[in-house]
Amino acid sequence: MKKLLILGAGTAGTMMVNHLNRKLNKNEWKITVVDQHKTHYYQPGFLFIPFDTYTEKDVIKTKKQFIPKSVEYIEKAIEVIEHDKNNVVLKDGTNLSYDILIIATGSKIVPDEVDGLADEGWHKNVFDFYTIEGATALRDKLKTWEGGKFIVHLTEMPIKCPVAPLEFIMLADAFFHKKGIREKVEMTYITPLSGAFTKQNCSNVLGYLLDDKKINMVSDFDVELVNEQENFIQSYDEKKVNYDLLVTIPTNMGDDVIERSGLGDDLNFVPTHKHTLQSKKKENIFVIGDATDLPSSKAGSVAHFQAEVLTKNIMKFINEKELVQEFDGHANCFIESGFGKAFLIDFNYDVEPVEGTFPLPLVGPFSLLKETRINHIGKLAFKYIYWNMLLKGLPMPGITTQMSKLGKKI
Amino acid sequence: MATKEIAGSMVDVNEEGFLTDFGQWNEAIAEVIAAEEGIEEMSDRHWEVIKHLQDYYKENGALPSIRKMKKSGVVDTKELYTLFPGGPLKKSSRIAGLKKPESCI
């Protein structure tokens with residue numbers, strides 16, 4: 001019996017389990033998946049928790065319920081990947097040898113990477129919303145917060161869901177309006193990039209949003225430290241910005257097991273071939289989702305498109321055929337802009353987000369790069385699609401793995 | 001997108017003055033762009049940073065972050081700011097004939 005081992009049962013790992021469970025010959029292949037955590041979080045939903053739009057029950061299910069019974073599921077921590085021996089050692093000493101390994105260990109926030117960030121103010125008046133703990137602590141804070149200097153801050157790229165900080169500040173603006181305290185809140189968006197929108201086309205079309213919402217902008221800000229005694233954030237060129245409430249997106253990194261195994265770059269992301277998803281280190285190791293070092297976005301939709309290509313390539317690899325070069329960096333993301341509206345972007349490695357309709361030319365029903373109510377409904381419907389279709393590795397009707405140029409103003 | 005003459009060469013640039021074809025880059029062009037960015041004279045240290053950025057981009061298809069620059073051992077963050085005041089990554093990548101650091105939108 002040959003062995004296919006998947007590390008991580010998050011979005012990408014779970015999709016791969018379900019795809020391969022249907023494809024692999026069960027008389028020849030045994031599939032095993034390892035993940036130390038019980039809970040599967042619907043991470044896009046974390047964005048809505050601070051504003052009490054979603055509660056814990058919207059975003060929490062058990063990982064196990066998405067793993068088919070015929071697959072071996074091990075709920076334990078991983079110590080190291082011995083890639084030269086085709087073996088994985090678990091924390092309790094168990095050895096798992098493999099013929100093919102799929103790394104789907106994801107990415108996580110690492111607040112310790114910025115001096116002072118994980119200090120006394122952490123989860124008191126300094127929050128993340130990329131963890132369930134951060135999102136719920138922020139929700140509780142916002143319930144009683146009466147206004148002041150409110151900062152949303154991006155530490156450095158790459159991050160999971162690159163549009164989330166922007167969505168967050170726009171939803172916060174709407175939240176404060178609804179609460180009747182917007183005029184008591186001074187809102188500032190701080191980014192190390194050249195602006196909220198870095199692509200000329202997006203900036204042309206969407207540049208008005210932050211001005212309209214009276215959100216201040218501090219760009220080219222590379223954070224050196226956070227001072228949680230005096231409540232300010234400081235850059236390397238000694239710009240200081242004071243806050244009363246700081247919401248930050250800390251440095252994102254791959255899992256520590258990648259570092260322990262000598263498989264990652266300096267952020268513990270695994271060097272991966274950008275069109276095939278094979279690791280650069282070993283032919284029988286493949287990488288998917290947030291764990292890769294690819295310039296594609298770290299997002300569930302990307303993992304979905306990658307899973308379709310990777311399934312093909314696992315079958316090619318098993319049959320000793322040439323791998324397909326089909327992953328094109330395709331991403332498809334709804335962006336909430338507050339007051340029941342959202343816009344939608346669809347892009348890949350080579351084509352920037354543009355205007356148009358999606359998924360059908362002219363018909364839509366969604367509009368690209370345009371704020372509409374129906375886009376917002378699409379974003380909310382995505383929760384159902386995620387739990388019921390995406391994780392099960394089912395195709396999404398009308399949405400192709402490779403980005404389509406139809407219906408777009410290119 | 002527009003075509004512009006810099007240091008006697010015709011080059012393609014985007015709305016923000018970044019070269020869109022690295023094949024058109026040369027050191028004379030870099031010096032003119034550096035002057036536009038307020039850098040009067042390109043020292044050896046400036047060139048080392050530019051060279052590092054170009055090598056990194058060639059290998060990775062993306063620009064390094066400030067953190068990666070720090071870890072590269074080529075230049076520390078304070079010096080990077082002294083060499084390219086204001087927005088060091090944006091300025092140095094423009095001088096190097098590369099894209100600016102971007103997000104997906």
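Visitor: Of the 117 residues in the largest nonpolar core, which touch the most other members?

Guide: This is a predicted model, in which local features need pLDDT of at least 70, side-chain atom pairs count only at pLDDT 80 or more, and totals for chains, interfaces and linings use all residues. Residues are numbered from 1 along each chain as its sequence is written, and chains are lettered from A and ligands numbered from 1 in the order in which they are written. A nonpolar core is a set of buried Ala, Val, Leu, Ile, Met, Phe, Trp, Tyr and Cys residues joined through C-beta atoms within 7 Å, buried meaning 20 or more other C-beta atoms within 10 Å of a residue's own, with C-beta atoms placed from the backbone. In the largest core, the residues touching the most other members are M16(A) and I288(A).

Visitor: At what angle do the axes of α1(A) and α8(A) cross?

Guide: Axes are lines fitted to C-alpha atoms, for helices over the stretch in contact, with angles from 0 to 180 degrees between N-to-C directions. Helices are DSSP runs (H or I, at least four residues), numbered from the N terminus. The axes of α1(A), residues 11-23, and α8(A) come within 9 Å, and the crossing angle is roughly 35 degrees.

Visitor: Which residues of α8(A) make the contact with α1(A)?

Guide: Contact requires C-beta atoms, placed from the backbone, within 7 Å. From α1(A) come T11(A), A12(A), M15(A), M16(A), H19(A), L20(A) and K23(A). Those of α8(A) are G300(A), A303(A), H304(A), Q306(A), A307(A), L310(A), T311(A), I314(A) and M315(A).

Notes. Buried ≥ 20, exposed ≤ 12 C-beta atoms within 10 Å, placed from the backbone. Helix = DSSP H or I, 4+ residues; strand = E, 2+ residues; numbered from the N terminus. Contact = placed C-beta atoms within 7 Å.
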